[in-house]
Amino acid sequence: TADELFERQRRRESSARSYPRRLPVALVEGSGSTVRDRHGTAYIDCLAGAGALALGHHHPVVVEAIRSVLDDGAPLSTLDLPSPTRDRFVETLFDALPEPMRTGKLLICGPTGADAVEAAVKLARTATARSGVLAFGGAYHGMTQGTLALTGRRSAKEALGPLLGEVHHLPFPTTYRSPFGADDTAAVAARLVEWALTDDHSGIAAPAAAVVEPVQGEGGVHPMPPAFASALRRSTRAAGTVLVADEVQTGLGRTGTLWAGDAVGLDPDVLVLSKAIGGGLPLAVVVHHGELDGWPAGSHAGTFRGSTPALAAGAATIREVRRAGLAEHAADVGHRLTTGLRTVSAGDARVGDVRGRGLMLGVEMVDPDTADPDGVPLPDGALAARVQAEMLGRGVIVEVGGAADAVVRFLPPLVLTAAEADQVVDAFGAALRATRG
Ligand code: PMP
């Protein structure tokens, strides 16, 4: 039974397990946007492998791509030696990249997003002969000691002692719960970046890199305002600082455009990709402008830098996302989902904000009886956890994140249908009612 699986997991696996604590389901089957537990109970999967399953579970093109690698007798790993599958992946990805990146260079870094962020920071440090890094409050870039240093969440790292040095955090211009109160959040944040990079009295040595998510994911689903994106591009270019866009979560259609940076005019020097580009298998890459090349051989190596099934699944996924117009679909269904979530939340003061882009959405739960100095009610993580549990009971898996874990997060496969989106809205509405009083 599921209980036995949980009990055995408790005995054998580390206390660092996280999802099983909030989502007590043992999943045995997945198809499209739906997963099933051992009793055959179906759930709409708004977690989708933490956003890795752009095409959902068992999409035929992904299954076929993996199967053909196995049937062809291709070597399962060639490290970074060339192979037909690797070549196909690289060409398919380049063809899909934002225009300015198509003449750039690519490094297949390893299995995880954190690997690729590490590589991007090392590359920027090497290329600029500088060491500092700008990062942002609320940021999430991974769990290695280098990427944790960039994380804008104190509690994730305060027990660990010194991490990567010379990291400076600036406020991310969130529009809800702005770090600047009622001010024009994008303009003030842009001024701060400019000040940090150019004013001698900022005390910050010219940084090698600025690392940023075009839409913060784990930090609570905060889209970057376009005015901030263009200002960040201008300031970093003027300061000779490499602008790194972490599109590990946003990349490949998730936010309603193929790349989230494109929608706001971020135009980075380095693009970090993982999750969806591996088609659900572990794969991460860094793409950068050609002038940053010249890294000595072996500068960022690793055993799993290009598993053949992952490269095949990734190429198939990139092709299918483009062929089926899934970025546009994510925009449409995301709009329907957002509208629905707003409608069922209307008049409920415990819903502070419904936000996001495409199929990367968040609903911030708040305690209406409280207020911060700007009059914004405080985040209510306990309520978000109850909503998550009630939604699970109604057949929808969601995650929570953001400040105090008070943001209910929706990260479904991009193939989510309108009918499934409506089911998610109904479950959220029912969860709201069930948690009243
Ligand atoms: N960057 C971003 C924006 C992410 O969302 C994540 C994972 N949630 C990572 C980096 C780290 O990726 P991984 O967990 O594969 O190391």
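The radius of gyration is taken here over C-alpha atoms.

**Figure 1. Overall fold of the predicted model.** The chain holds 14 helices and 18 strands. A compact globule of 437 residues would have a radius of gyration near 22 Å, and the chain has 21 Å, which agrees. Taken along the principal axes, the C-alpha atoms fill a box of roughly 60 × 60 × 45 Å. Of the 437 residues, 50% count as buried. Among contacts between residues at least 6 apart in sequence, 73% join residues at least 24 apart.

**Figure 2. Surroundings of the ligand in the predicted model.** The ligand is surrounded by 15 residues, of which Thr112, Gly113, Ala114, Val248 and Gln249 come nearest. By class, this shell divides into 5 nonpolar, 7 polar and 3 charged residues. Helix H6 (residues 113–128) gives the most to the shell, with 3 residues.

**Figure 3. The open sheet of 7 strands.** The strands run in the order E4-E12-E11-E10-E7-E5-E6, and their pairing is mixed. Strand E4 (105–110) and strand E6 (167–170) form the edges, each pairing on one side only. On average, neighbouring strands of this sheet are turned by 20° against each other, direction ignored.

**Figure 4. Pairing of strands E5 and E6, and packing of helix H6 on the sheet.** Strand E5 (residues 133–136) pairs with E6 in the parallel sense over 4 bridges. Within this pair, Val133 stands opposite Val167 in E6. Helix H6 packs on the sheet and touches E4, E5, strand E7 (209–212), strand E10 (242–246), strand E11 (270–273) and strand E12 (284–288). The direction of H6 makes about 30° with that of E12.

How values were computed. Residues are numbered from 1 along each chain as its sequence is written. This is a predicted model: local features need pLDDT of at least 70, side-chain atom pairs count only at pLDDT 80 or more; totals for chains, interfaces and linings use all residues. Helices (H or I, at least four residues) and strands (E, at least two) are DSSP runs, numbered from the N terminus. The radius of gyration is taken over C-alpha atoms; the globule rule is 2.2 Å times the number of residues to the power 0.38. A residue is buried if 20 or more other C-beta atoms lie within 10 Å of its own, exposed if 12 or fewer, and partly exposed in between; C-beta atoms are placed from the backbone. Two residues are in contact if their C-beta atoms, placed from the backbone, lie within 7 Å. A residue is near a molecule or strand if its C-beta atom, placed from the backbone, lies within 6 Å of it. Ala, Val, Leu, Ile, Met, Phe, Trp, Tyr, Cys and Pro count as nonpolar, Asp, Glu, Lys and Arg as charged, and the others, Gly among them, as polar. Two strands pair if DSSP finds at least two bridges between them. Axes are lines fitted to C-alpha atoms, for helices over the stretch in contact, and angles run from 0 to 180 degrees between N-to-C directions.
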